[in-house]
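Welcome to this tour! Open your viewer, switch to a cartoon view, and follow the stops below.

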Amino acid sequence: MNSNFSSMGEVLAHLQKENINNLESRAGYIQGFIDKENKEHGYEYDRYMEFGAANFTNVVTEHSGSKKECILWCVNHYLSLNRNKNVIEKACNALRDFGTGCGTSAASCGMSSLHKEVEKNVAKLVGKEKAVLFPTGFTANVAAISYLAGRQDLIIFDRECHSSIVNGLKLSEAKWISFKHNNVSDLKMKLRKYQNSYQNIFVVVESAYSMSGDLAPLKDIVALKKLNKFYLYVDEAHTFGIYGDKGQGYCHEQGVTQDVDFIMSTLSKATASIGGFIAAKQEFCSLLKWSHPYVFQACLTPADAAVVLACLEEIENNPGMITELHEKNRYMRKLLESKGFNLGLSQSPVIPIFIENHNKLRTVVSELYQEGIYSTPICFPAVKLHEGRIRLILNVGHSKEQIDRTVNALERICIKHGIIRSCDEEMVMRKVV
Ligand SMILES: Cc1ncc(COP(=O)(O)O)c(C=O)c1O
């Protein structure tokens with residue numbers, strides 16, 4: 001095996017590029033890289049949180065057993081509700097009153113009254129007639145994307161769409177094609193080109209992209225409906241609960257809810273549980289209840305559903321959390337930009353720090369970890385090979401002090417490795433030019 005790989009992303013890209021399909025070879029490449037990393041620096045994808053997610057928590061490296069108390073930047077609990085007292089109490093009550101698992105799928109009577117209340121409440125919040133609840137956001141996307149479009153249909157999706165959407169496409173009988181990320185002209189051109197060749201066209205986008213924090217130009221996409229007929233599917237995983245004055249999501253904030261045919265979200269992020277939903281008109285929801293992940297997969301537990309309900313109640317009673325999150329987002333972004341970081345076109349509380357070179361990316365992650373600041377490196381296949389980044393996911397529970405400490409450490413480490421220049425240097429450069 002080539003021992004010059006500088007990240008697991010490079011190993012995975014190599015397997016794909018060289019078309020290495022043999023099971024033993026593929027497993028050998030992966031294990032070989034893990035063993036080498038464990039010997040040399042520690043392998044970052046075997047870390048876990050000793051006592052679960054919190055803004056400040058113990059991160060354990062499984063191979064060595066070493067622990068470090070860290071400010072945590074890699075979880076999507078945007079509203080930090082996973083540690084909310086009321087939410088935890090309601091989860092405990094549900095466990096006591098409803099037991100643990102459901103034991104079967106929704107289609108064969110696995111849901112409880114709590115699950116049904118979740119479906120009702122999320123549909124009402126996002127502004128749709130009905131919602132269908134799935135055990136995870138991943139399977140909600142796989143179910144809907146694979147099942148809605150038929151053999152004579154076309155799905156056009158944004159090139160940055162999440163893996164769950166791409167996996168749904170692969171299972172679908174429809175044809176599919178991507179358009180350039182957030183590029184409405186490219187989408188318009190493709191809609192025009194394919195309009196007459198398919199029975200139905202579905203356009204699939206995310207309201208905020210998980211790896212870049214870019215927001216979708218929803219108003220411009222919706223405007224295309226005046227020119228071409230298509231169904232619009234929006235994944236609100238990273239905006240549900242945190243956009244809109246009451247957490248209704250980005251479709252609501254942009255005033256496009258009625259023009260969006262399907263609103264999807266996970267319940268594992270702002271609502272700190274597990275599960276996913278598709279909200280749409282009644283007929284579409286009835287159809288989705290025959291998708292295989294709905295029929296053949298056990299439900300989320302009653303306690304998970306109780307957590308969602310409790311989180312929605314917290315958001316309704318305290319919408320100030322949303323304002324506070326966006327204030328902190330603006331603060332952190334301004335601070336990072338003042339230090340010379342290029343945050344691309346990102347806007348949501350997902351803040352990418354782009355570091356193309358995988359060696360440098362992993363070194364920065366490792367040095368931050370030594371200082372008690374943790375986020376995982378984002379590499380291929382989550383993003384393209386040359387688009388590596390650290391993703392700082394801001395949660396409302398992050399304090400200003402934690403933000404300052406993180407940005408200062410990042411600045412120091414990135415200057416040391418030549419990723420950004422120091423302010424002094426930049427001034428000298430400007431003078432010279
Ligand atoms: C955009 C997007 N859609 C769907 C999912 C899947 O949701 P879950 O992890 O809750 O199953 C994710 C998860 O990261 C996501 O980022």
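In which sense do strand 13 and strand 14 pair, and over how many bridges? Select strand 14, residues 389-393, together with strand 13: the two pair in the antiparallel sense, over 2 bridges. To see one of these links, pick I378 and look across to R389, its bridge partner in strand 14. Keep in mind throughout that you are looking at a predicted model.

**Stop 1: the sheet around strand 14**

Now add strand 11 to your selection. You have an open sheet of 3 strands, in the order 11-14-13, with antiparallel pairing. Strand 11 (350-354) and strand 13 (377-378) are the edge strands, and each has a single partner strand, so one side of each has no neighbour in the sheet.

**Stop 2: two hairpins in a row**

Go back towards the start of the chain and select residues 47-49, which are strand 1, and residues 56-61, which are strand 2. These strands are antiparallel too, and 3 bridges pair them. Highlight R47 and you can find its bridge partner, T61, in strand 2. Between the two strands of this hairpin there are 6 residues. Click on G52 here: this glycine takes a positive phi near 85°.

Carry on along the chain to strand 3, residues 67-72. Strand 2 pairs with strand 3 as well, again in the antiparallel sense, this time over 5 bridges. V60 has K67 as its bridge partner in strand 3. How many residues lie between strand 2 and strand 3 in their hairpin? There are 5, and G65 in the turn has a positive phi of about 80°.

**Stop 3: a parallel link**

Stay with strand 3 and add residues 373-374, which make up strand 12. Here the direction to look for is parallel, and 2 bridges join the strands. Select L72 and find Y374 of strand 12 standing opposite.

**Stop 4: the ligand**

Next, select the ligand and show the residues around it. Which residues are closest to the ligand? The shell has 13 residues, and the closest are G137, S210, A237, T266 and S268. Colour helix 5, residues 137-148, and you will see the element with the largest share of the shell, 3 residues. If you colour the shell by class, you should find 9 polar, 2 nonpolar and 2 charged residues.

**Stop 5: two domains**

Give each domain its own colour. Domain 1 takes in 38-72 + 320-432, while domain 2 covers 85-317. Their C-alpha centres lie 29 Å apart. Where they meet, 15 residues of domain 1 are in contact with 12 residues of domain 2. On the domain 1 side, the elements that give two or more residues are helix 13 (320-338) and strand 11, the latter being an edge strand from your first stop. By class, this side of domain 1 has 10 nonpolar, 4 polar and 1 charged residues.

**Last stop: the whole chain**

Zoom out and select everything. The protein chain has 16 helices and 14 strands. Its C-alpha trace spans about 60 × 55 × 50 Å along the principal axes. A compact globule of 433 residues would have a radius of gyration near 22 Å, and the 22 Å of this chain agrees with that. Buried residues make up 46% of the chain. Finally, among contacts with a separation of 6 or more, 70% come from residues 24 or more positions apart.

Key: Residues are numbered from 1 along each chain as its sequence is written. This is a predicted model: local features need pLDDT of at least 70, side-chain atom pairs count only at pLDDT 80 or more; totals for chains, interfaces and linings use all residues. Two strands pair if DSSP finds at least two bridges between them. Helices (H or I, at least four residues) and strands (E, at least two) are DSSP runs, numbered from the N terminus. A residue is near a molecule or strand if its C-beta atom, placed from the backbone, lies within 6 Å of it. Ala, Val, Leu, Ile, Met, Phe, Trp, Tyr, Cys and Pro count as nonpolar, Asp, Glu, Lys and Arg as charged, and the others, Gly among them, as polar. Domain bounds come from an automatic or database domain assignment. Two residues are in contact if their C-beta atoms, placed from the backbone, lie within 7 Å. The radius of gyration is taken over C-alpha atoms; the globule rule is 2.2 Å times the number of residues to the power 0.38. A residue is buried if 20 or more other C-beta atoms lie within 10 Å of its own, exposed if 12 or fewer, and partly exposed in between; C-beta atoms are placed from the backbone.
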